[in-house]
Structure formats: C-alpha cells, structure tokens
Amino acid sequence: MSESYSQSASRSSEPMRVAVLGGGSFGTAIASIAADNGATVRQWLRDAALVDQINHEHRNGRYLPDYPINPAVVASTDLAATVAEAMVVFIAIPSKAFRSVLEQAREHLRPEQILVTTTKGIQAEGFKLMSQLIEEETGSSHIGVLSGPNLAAEIAQKQLTATVIASDDAVTRAYVQAALGCGYFRVYAGNDRYGAELGGSLKNIYAIAAGMAAALGMGENTRAMLMTRALAEMSRFAVALGANPMTFLGLSGVGDLIVTCSSKLSRNYRVGYALGEGATLDEAIAALGQVAEGVNTVKLVCAKAREEGIYMPLAQGLHHVMFDGVPARDMARALMENEQSSDVEFMLSREAVSQAHQLAPDGDA
C-alpha cells in the first residue's frame, strides 16, 4: 500500500499542496524544502510584518535572517485559507501554543488531510505528546511525527540532511516522503510514532547537559560517555512508557541526540553552556531569545520518572542544577559516584548486575 500511495503522490500531474503552521526556524525551513520539491506551499504566521517580509523579501529576518526562502512559499495570517486546500499540513508550533492553534484550525481541516507534527515537546497536563494532541483535537487517522537530526540553519543552507516520518499509517508516511524528499533532504520511514516523538523530546534534556559539560571544559571521553548514557536513559524511559527500543538506534533517537549534543546551533546546548559558565536559568533563557523546549521537558520528565519509578540519574542531576541551585561542577562529580550498572539494559538487566555486585568483594568495582 505504501508504495502505491507514494507513486501516486510523486507522479501526480498536479503539484502537492502543503501547509506549514508556524513561522519559526524549522517551520520556515520545511516550507522552503517543500517548495524546492515542487509543492504549492502556504505558511501560516501570526506576525503580519513577518508575513510581508517572507512574501516580498523571501526571508525570515527573525529566525533565519541569513538564508533565502524559496519564492514560491506564500505566507499568510489567514489560518483557514492556509490549510483549506492542503493535502499535508505540517504543524511547527511551540508546545505551549500547540493545542490552541489546533483548536483554531480544527474546523477548517478535512478528514483526509495528513497532519504532521515537527514539535519536540511535551504538554504538562497529562504528559501528552504533540501527536496525541492532534489525535484528541481532530480524530484524524493520518497523523505523523517528523523527527531527526535536523538543525534548521543547516537545512536552510541545503546541507545534506536526513529525517524520519514516523506513523502507523502508510498513507501518511508515503505522502510526507513525496512532499519533502529531495536532493538535500532525505526522508526515512518508521512506524513507532510514540518512540520517535519521545526521542525528539527527551534528547533536549541531554543537549542541555552536553552544553554544560562543554562549558566546564570536559573532554571528548566525557562527551561520548554522556551521550551514550543519555541514550540508555532515553530508551529506558521510553520503553517503560510503551515505545520500541529499536527506534532509538535510528535518526530520531541516536541521530538527533548526537547532533543536539554536539552543535552550538542547538538552542538547548546553548542554554546548558550558559549554565555551565555560571549563569542562572533565567539569564540563560533570556540570552537565548528563543524557546528551548528542553527546559520544560526536564521538569516534566523528571516528575514522570519519579511517578513511574524509572531510574534517570542524568536527568535528575540536571534538574538539581537548573531548579535547585546545585553548582554544575558539583553535580557532575556526584554523577560519577552513581552505581556502575549494565551497559545495554536490553541485553543485560540492571537487576542482574546488582545481584552480581552482592557477590563481589568490597572496594571499587
């Protein structure tokens, strides 16, 4: 089924009609990709001045000031007109405003439209992911998650990039691959929507920790350890909530984690770096000037982990630095004193290692 829909989407004589809700860096990059790929693209923004700039200067001066946007992208403040004829609707709205925009758009959406979230965040009430909000608000059967190592500035430069469209709906996967897959942007398919979306949200936590470690002068060994243990922690949490652990070996798991923990372009990394230099959380956020989803995610995930009894020492340690006033260097030292358990828990359980420690002689393991 997937192949036939993909062929239909890519071979149609009519250009695909795409809508993008959101005027941030990633939403703008996605709109330009779809236009580069031959789609008819409409982009919705609240800011009338920014709409005018995109339409006349083909530039988003607030979020991607140095990169041209495909002139075929047409921006608008009219939400109904933006989604009216679209086959695929990408929703690139910060998590705090995500549901309210869905509520505004709902009456203008059609059942056959494909709805794709690109937002890597979690709603506090009920611990809901963005695709779950789409499901609740629209009842759609065509819902997808776009996630991966996708720094918007590099995409805008048309650097080679790959992403994942995760959906249990073959139609959604095929249409998104046809809409975005081009010479510089590769779209892979997955069917674990929940795991892919959790990966995209959770990695923001560890990007803050990586930025903090860099500011403290920690080396490559430390960064490798941090990212590897972060991946273990992410997958432990996600699997406890029903995700597939194999998802975290892909672009939306380890791929996204690597780029976000390594790049100074990452907003969450930059927040962590400021914290490592001694800034307060409020100072770090103010200096950034944009939304860093990881700040809220740390709170929500740590609360959920405590509620579910999930072992997450890195996330909990970061929470102490961000919200309890613990100095970053002290927290890094304390983390090294945590238990030495299993490397890959899905091969060797933490419980088995703990039992073996009871048989070992006293002293450092």
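Just after helix α3, His58 takes a positive phi of about 55 degrees; this value, like those that follow, comes from a predicted model.

At the opposite end of α3, Asp47 caps the N-terminus, with a side-chain oxygen lying 2.9 Å from the backbone nitrogen of Ala49. Within the helix, which covers residues 48-57, Leu50, Val51, Gln53 and Ile54 are buried. Seen down the axis of α3, these buried residues fall within an arc of 165 degrees, so they line one face of the helix, whereas Ala48, Ala49 and His56, on the other side, are exposed. The strands against which the buried residues of α3 pack are listed here.

| Strand packed against by α3 | Residues |
|---|---|
| β2 | 40-44 |
| β3 | 59-60 |
| β5 | 74-76 |

Further along the chain, strands β11 (residues 161-166) and β12 (residues 185-190) run parallel and are joined by 6 bridges, and Ala162 has Arg186 as its bridge partner in β12. Between these strands the chain passes through helix α8 (residues 170-180), forming a β-α-β crossover that is right-handed.

The largest nonpolar core holds 47 residues, of which Tyr206 and Phe237 touch the most other members. Several helices, including α9 (193-215), α10 (220-240) and α14 (293-308), each supply at least two residues of this core, and the largest share, 9 residues, comes from α9. Leaving aside residues up to four places away in sequence, Phe237 touches a set of residues including Phe127, Leu198, Leu202 and Val301. Apart from this core lies another, of 35 residues, and among its members are Ile30, Val51, Val116 and Leu146; Val51 is also one of the buried residues of α3.

Key:
Residues are numbered from 1 along each chain as its sequence is written. This is a predicted model: local features need pLDDT of at least 70, side-chain atom pairs count only at pLDDT 80 or more; totals for chains, interfaces and linings use all residues. Side-chain values use heavy atoms; hydrogens and water are left out. Buried means under 20% relative accessible area, exposed over 50%, partly exposed in between (1.4 Å probe, protein chains only). Helices (H or I, at least four residues) and strands (E, at least two) are DSSP runs, numbered from the N terminus. The arc is that of the directions from the helix axis to the C-beta atoms. Contact means heavy atoms within 4.5 Å. A polar contact is a pair of N or O atoms within 3.5 Å; within protein, one must be able to donate a hydrogen and the other to accept it, and residues adjacent in sequence count only if both atoms are side-chain atoms. Two strands pair if DSSP finds at least two bridges between them. A crossover is right-handed if, with the strands pointing away from the viewer, the path from the first strand over the helix to the second runs clockwise. A nonpolar core is a set of buried Ala, Val, Leu, Ile, Met, Phe, Trp, Tyr and Cys residues joined through side-chain atoms within 4.5 Å.
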